[in-house]
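Hello,

Here is the model I promised to pass on, with the notes I made while going through it. Have a look at it first, then read on.

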Amino acid sequence: MKLILDLDTGIDDAMALAYAVGSPDLELIGVTGTYGNVYTKVGVQNVLNLLEMMGKPEIPVFLGEKKALTQDVFVRHEVSARIHGENGVGQVELPVAAEHASQMDAVDFIIESVKKYGKELVIVATGPQTNLAAALNKAPEIKEIMGKIVIMGGALTVPGNVSPYAEANISKDPLAAKILFESGLDVTMVGLDVTQRSQLTLEDLQAWKNCGTLAGEKYADMVAYYISQHEHSGGTACYLHDPSAAVCAVHPEWFTMLPMHMTVVTEGEAAGRTIGDPMKLREANPNVKVCIGVDSPKLEAHLKEILMRAFLG
Ligand code: BDR
Ligand code: CA
């Protein structure tokens, strides 16, 4: 399966990246960078560094949108700096990549790739969906041929994580999510309903630390930092937000999905809330497959196996 990852890298984005690198079922044709956990440029540099460290410097990386569709400027939230570290990778120092970001813009790369590969191509987006919405706005004709899109974002049956209503990725650009949901495309929503059910523990990191590669060691350090920021577990385990979306692209059968007509609240106190569209309750052909259950033991074991493959190279 050909894959584009759209990331705001971010520690759990970095795990999704390692999953894509290690999976024998995925051919990562490019990574597009967006803003969110960090500024776009920082996230892209993190991806370049991580790819080089995992022995994949040839995978192209593209700079994407720097702010939400209707925003003048994106200002990074202090909570992101706390959860992912000032540098986005848990204050871990990564070897600096020799490669640079591609000259081509992320939105153009998405459009070109869809035109080239059509439904063979899957896009997994684990930051705000601005790059995707911008691609649909710029080249609406790609909708006719576009394949599956899997996003990490939203919450249906649980509260949000940045407000009682909203999950972080959707909250940063609710309009982009709305555009995507209402596009008629094959969209799967991997939201907090499932991403908070799967975890990695400090114990799991021992194997990475001892695997004998720099990638294993640095990932163990990054995720240890991330775990330390998870109060729910007393700093012993972290949620698996972004890697769950990557796994869902390959193993949708491990998820329980509720096809629904989804929309997004774009303004006011509940901005960013993902909710069943009250105007479409009687309509057929729901527009989003909302993940509401997951076989966590399977997902966790599989993720650990594939990440180890990536670390061993
Ligand atoms: C999402 O927000 C970001 O902090 C994570 O990388 C993930 O994509 C979770 O709400
Ligand atoms: Ca993310």
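Strand β5 has both of its faces covered: I149 and I151 on one side, and V150 and M152 on the other, are all buried. Buried here means that 20 or more other C-beta atoms lie within 10 Å of the residue's own; with 12 or fewer it is exposed, and in between it is partly exposed, C-beta atoms being placed from the backbone. In a regular strand the side chains alternate between the two faces of the sheet. Helices (H or I, at least four residues) and strands (E, at least two) are DSSP runs, numbered from the N terminus.

Please keep in mind that this is a predicted model: local features need pLDDT of at least 70, side-chain atom pairs count only at pLDDT 80 or more, and totals for chains, interfaces and linings use all residues. Residues are numbered from 1 along each chain as its sequence is written, while chains are lettered from A and ligands numbered from 1 in the order in which they are written.

Now to the sheet. β5 pairs with strand β4 (residues 121-125) in the parallel sense over three bridges; two strands pair if DSSP finds at least two bridges between them. I123 stands opposite I149, and A125 has I151 as its bridge partner. The open sheet has eight strands in the order β3-β2-β1-β4-β5-β6-β12-β9, and its pairing is mixed. At the edges stand β3 (61-63) and β9 (255-260), each with a single partner strand, so one side of each is left without a neighbour in the sheet. On average, neighbouring strands are turned by 25° against each other, direction ignored. α1 packs on this sheet, where it touches β1, β2 (27-33) and β4, and its direction makes about 165° with that of β1. For such angles, axes are lines fitted to C-alpha atoms, for helices over the stretch in contact, and the values run from 0 to 180 degrees between N-to-C directions. Two residues are in contact if their C-beta atoms, placed from the backbone, lie within 7 Å.

What surrounds ligand 1? The shell consists of G10, D12, D13, N37, T126, M152, N161, E167, A168, N169, H241 and D242, where a residue counts as near if its C-beta atom, placed from the backbone, lies within 6 Å of the molecule. M152 is thus both a buried residue of β5 and part of this shell. Helices α1 (11-22), α6 (168-172) and α11 (241-250) each supply at least two of the shell residues. By class, the shell divides into two nonpolar, six polar and four charged residues. Here Ala, Val, Leu, Ile, Met, Phe, Trp, Tyr, Cys and Pro count as nonpolar, Asp, Glu, Lys and Arg as charged, and the others, Gly among them, as polar. One shell residue has an unusual backbone feature to look at: the peptide bond from T9 to G10 is cis, with omega near 10°. G10 sits in the loop between β1 (2-7) and α1.

Is helix α7 (residues 174-181) largely enclosed or open? Six of its eight residues are buried, so α7 is largely enclosed by the rest of the structure. The buried ones are P174, A176, A177, K178, L180 and F181, and they pack against α5, β5 (149-152), α6, β6 (187-190), β10 (262-264) and β12 (288-294). T266, in the loop between β10 and β11, is in contact with P174, L175, K178 and A271, leaving aside its neighbours within four places in sequence. T266 counts as partly exposed because it has 16 C-beta neighbours inside 10 Å.

Helices α4 and α5 (residues 130-138) pack at an angle of about 65°, with their axes 9 Å apart. A106, V107, I110 and I111 of α4 meet N131, L132, A134, A135 and K138 of α5. This contact has seven nonpolar, one polar and one charged residues. D108 also lies in α4 (residues 106-117), and is partly exposed, with 17 other C-beta atoms within 10 Å.

Finally, two loop residues other than glycine have a positive phi: Q91, near 65°, and N285, near 50°. Q91 lies between α3 (78-84) and α4 and is exposed because 12 other C-beta atoms lie within 10 Å. N285 is found between β11 (274-276) and β12, and is exposed, with 8 other C-beta atoms within 10 Å.

Best wishes
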